[in-house]
Each structure stands twice: as structure tokens, then as C-alpha cells.
Amino acid sequence: MSRAVNRSDVGEVHAEFYAAFEEGDLDRMSDVWAAGSYAEGVSCVHPGWTMLRGRDEVLRSWALIMANTTYIQFVLTDVETDVYGDHAVVTCKENVLTADEDTETGFLAGGSIVATNVFVRADGEWRLLLHHGSPVLNVVDAEEE
């Protein structure tokens, strides 16, 4: 059972976005995204995908992803939040683990994605307007250079 989300706190809504994804809960995911007059401007870029625009198209993509994801876990690092009136920008690094119950070991992949999440405050509640995730390739520690 999920706990009540304080939608007046952008950090809690940001965390709810990832919790909904980890749980594969499309209803919770839908509640995170902006609606009403913002619905047409809702946008999402999943890693390796083209831009999706419009609330309905974005939520269809999440339904597809969730239907095909057995297990996913996020460890967020480097989370930075900037609030500009009724808009907020949250950037972070998504350290991702995925698994598939059909494999012998259960482990499929791990990787990193940098994400930008833009929120809008409507009627005192923060809602996600844009999510953009980009895979991190060829990570080299500064010590190795």
C-alpha cells in the first residue's frame, strides 16, 4: 500500500514518480503527471526513444514499459532541485538495476541514466510536465584519466 504523497512538496512528488515506476503502478504514475490545461504539453524522452508529447501518449508509453518490466530499482544520486515560482527542475542520476524472472540468475542489467524532470505547480500541487532520460555511456573515473 502506498503512503499519501504531499503534492505541495516537489521532492515528494519526484520520489513518487520513481516509486510508481518501481511498483509498476500505472494509476500512481498517472497521478504524478500534469493534466488539464497542461496535458498537451506533457513530454517524455525515454532513453533511446524519440520525443513523446501529450499526456495520453506519454501514459501509453509507461503502460507499455511497465507491462514489459519484471523488476526495476532506482538508486538516485546527485539530486538537485531548483524552484522558479510555479516551475521546478530536478536533475539526478538514475542508477538502475533490472532483472527478469525468466533468466537463470534473474539479473539482466545495470546502468546509469541522467534525468531532467520539470514540474509545474497547479492549484498548489506539483505535477510532472517533462521527463528526459539519457543513458550515460563510457563512464571513466577522473582518477583513470
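How many helices and strands does the secondary structure of the protein comprise? In this predicted model, the secondary structure amounts to 3 helices and 6 strands. Read from the N terminus, the elements follow the order α-α-β-β-α-β-β-β-β. The chain has 145 residues, of which 34% count as buried.

The helix α3 illustrates how burial is distributed over an element. It contains 13 residues and spans 18 Å from its first C-alpha to its last, close to the 18 Å expected at 1.5 Å a residue. Its buried residues are R55, V58, L59, S61, W62, I65 and M66. When α3 is viewed down its axis, these buried residues fall within an arc of 150°, and they therefore line one face of the helix. The other side of α3 carries the exposed residues D56, R60 and A67. An α-helix has 3.6 residues a turn, so residues three or four places apart point the same way. This general spacing may be compared with the buried positions, among them V58, W62 and I65.

The strands β3 and β4 are paired in the antiparallel sense over 12 bridges. Within this pairing, Y71 stands opposite A99 in β4, and the bridge partner of I72 in β4 is T98. The two strands form a hairpin with 2 residues between them. In the turn of this hairpin, G85 has a positive phi of about 65°.

Positive phi values are also found at residues other than glycine. Most residues other than glycine have a negative phi. One exception is D78, whose phi is positive at about 55° although the residue is not a glycine. D78 is placed in strand β3 and is exposed, with a relative accessible area of 57%; this value qualifies as exposed because the cut-off is over 50%. A second case is D123, a residue other than glycine with a positive phi near 55°. D123 lies in the loop between β5 (107-122) and β6. D123 is likewise exposed, with a relative accessible area of 84%.

The largest pocket has a volume of about 300 Å³. Of the 18 residues that line this pocket, F21, P47, I65, I72 and I113 are the closest to its centre. Two or more lining residues are contributed by each of α1 (10-23), α3 (55-67), β3 (71-84), β4 (87-99) and β6 (125-135). By residue class, the lining divides into 11 nonpolar, 6 polar and 1 charged. Two of the residues closest to the pocket centre also appear in the elements described above: I65 is one of the buried residues of α3, and I72 is the residue whose bridge partner in β4 is T98.

A further point concerns helix α1, in which A15 lies. A15 is partly exposed, with a relative accessible area of 40%. This assignment follows because partly exposed residues lie between the limits of 20% for buried and 50% for exposed. The C-alpha atoms of A15 and L76 are separated by 9.4 Å, whereas the two residues are 61 residues apart along the chain.

Key
Residues are numbered from 1 along each chain as its sequence is written. This is a predicted model: local features need pLDDT of at least 70, side-chain atom pairs count only at pLDDT 80 or more; totals for chains, interfaces and linings use all residues. Side-chain values use heavy atoms; hydrogens and water are left out. On a 1 Å grid over the protein atoms alone, a cavity is a set of points where a 1.4 Å probe fits but cannot get out, and a pocket is an open set with protein on both sides within 12 Å along at least five of seven lines; lining residues have an atom within 4 Å of a point. Grid points are joined across faces, edges and corners, and a volume is the space filled by probe spheres set on the points. Helices (H or I, at least four residues) and strands (E, at least two) are DSSP runs, numbered from the N terminus. Ala, Val, Leu, Ile, Met, Phe, Trp, Tyr, Cys and Pro count as nonpolar, Asp, Glu, Lys and Arg as charged, and the others, Gly among them, as polar. Buried means under 20% relative accessible area, exposed over 50%, partly exposed in between (1.4 Å probe, protein chains only). Two strands pair if DSSP finds at least two bridges between them. The expected span of a helix is 1.5 Å times one less than its number of residues. The arc is that of the directions from the helix axis to the C-beta atoms.
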